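Colleague: Could you show me how to read a helix pair and a disulfide in a model like this one?
Modeller: Sure, let's put it up.
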Amino acid sequence: MALAKIFVLSVGSLLSSGFFAGAVADTAPRSEIRFAISPQFPPYESRNAQGRLVGLNIELGNALCAQLDVRCTWVDQVFSHSIDALERRRFDAIMGMASTPQRRQLIDFTDDLYPLTTQLVARKYSGLLPTVRALKGKRVGVLAGSNREAFALAQWAPAGVIIKSFWLNDQLIRSLVAGDIDAALQGTAEIRQELLDTERGQAFDFVGPPVTGQQMGTAVAIGVRKSDPELRSELNRALEQLKQSGEYQRILQGYPQEEPDAANAQDQDGPQFYPGDLDLPFSEAVRVGNMLYTSSIAGGGCQAQPSEGRHGRADETSDEHAARTIGASSVLAGPGGQVHLDAGRAGGAEPGQRRVPGLFRPRSAARPQCTDRASAAARRTGGSRMRGRGRRPTRIVGGCAG
């Protein structure tokens, strides 16, 4: 009888101290959130001269913790190993990570914190563009484990672009400045603050439009374990409350927004310049909206008849060559080197036009009249001179583009 009583008391002790304690712990209110950060990426997360954590991600994280009435704990973590460390429960969440489709297969993400823009940076007048044609054989630096590395390895490396990965942002920038790599694929705000806005970065600039792709993602969020949906819900609720109170907007106002540089972004409304070889002081083609203006100096005369040129194939006209340069599968050619882009057409040519491999061309095209002295000079040289080696020109002269 005494043994039975002792057994009952022992079971009761186990239940009260072990099993019940676990159940109570699961329902206990959260008192702390441990955020993983890699403090080498200003203006998002870094340490100031006093060693204190600063940056947009730090301010947002502290504000979320204050809204949830919990303590914020910041855990230094090598970015490329963040997801593995999250699964091993070294911390509760990853603060500031691009929510790409590949990463969403492994972990969950909160609602977006802010947009993400990626651009290629190279030396001014290098003639480089974020295309496989321009970058083939070139060395492009990316951060190891980043969404930009995933994009470059999937989209550019198979076409002959040399991808070089770096663990730290300052290593990437030093290699670019030293000439060890030809270009860097990096976030707009990060590379602007660390390089372009500094004295050593005056020889560099964004080249081409922002780079987008499935592996890249479009926004930054907070990564959490799939097994912790409660934390995701709590962070989303706190983020919405910060937006409702105006605190979220106040924090973001203190940091540069990742938007394409208006002077470099190539949208559908402004002119887009496509360079030829680096020894040519002009662009082979200019795109304005849906119109492509080509130069016959690339290999065709003003009548755009096929001729063997220095920079085109023997069997293609200059506008065919320009269309191939920018990757257009088909275009609708007009008079005077005006080519209407129509890469998405599925049908045949419209009345009065015949189908030509790679483009639609009218049966007859009126030769443009070059009347002024600049235009006559352009006609003699074979096309419109666009200064700046493929970049946005200081002046455009001429008018007899093939």
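Colleague: In which hand does α7 pass α8?
Modeller: α7 crosses α8 in a right-handed way; the near helix is turned clockwise from the far one by less than a right angle (anticlockwise would be left-handed). This is a predicted model, where local features need pLDDT of at least 70, side-chain atom pairs count only at pLDDT 80 or more, and totals for chains, interfaces and linings use all residues. Residues are numbered from 1 along each chain as its sequence is written, and side-chain values use heavy atoms, leaving out hydrogens and water.

Colleague: Which residues make the contact?
Modeller: With contact meaning heavy atoms within 4.5 Å, N169, I173, L176 and V177 of α7 meet I191, E194 and L195 of α8. They split into 5 nonpolar, 1 polar and 1 charged.

Colleague: And how is such packing described in general?
Modeller: Two packed helices are described by the angle between their axes and the distance between the axes. Here the axes of α7 (residues 169-178) and α8 (residues 188-196) come within 11 Å and cross at roughly 60°.

Colleague: Which residues of α8 are buried?
Modeller: Buried means under 20% relative accessible area (1.4 Å probe, protein chains only). In α8 that covers T188, A189, E190, I191, L195 and L196. Their cover includes β9 (118-123), α6 (147-156) and α7.

Colleague: What about the disulfide?
Modeller: A disulfide is a covalent bond between the sulfur atoms of two cysteines. The rule is a pair of cysteine sulfur atoms within 2.5 Å, and C65 and C72 qualify at 2.1 Å. The S-S torsion of C65 and C72 is about 80°, so this disulfide is right-handed. C65 is buried, at 2% relative accessibility.

Terms used
Axes fitted to C-alpha atoms, helices over the stretch in contact; angles between N-to-C directions. Helix = DSSP H or I, 4+ residues; strand = E, 2+ residues; numbered from the N terminus. Nonpolar A, V, L, I, M, F, W, Y, C, P; charged D, E, K, R; others polar. Buried < 20%, exposed > 50% of the residue type's maximum accessible area, 1.4 Å probe, protein only.
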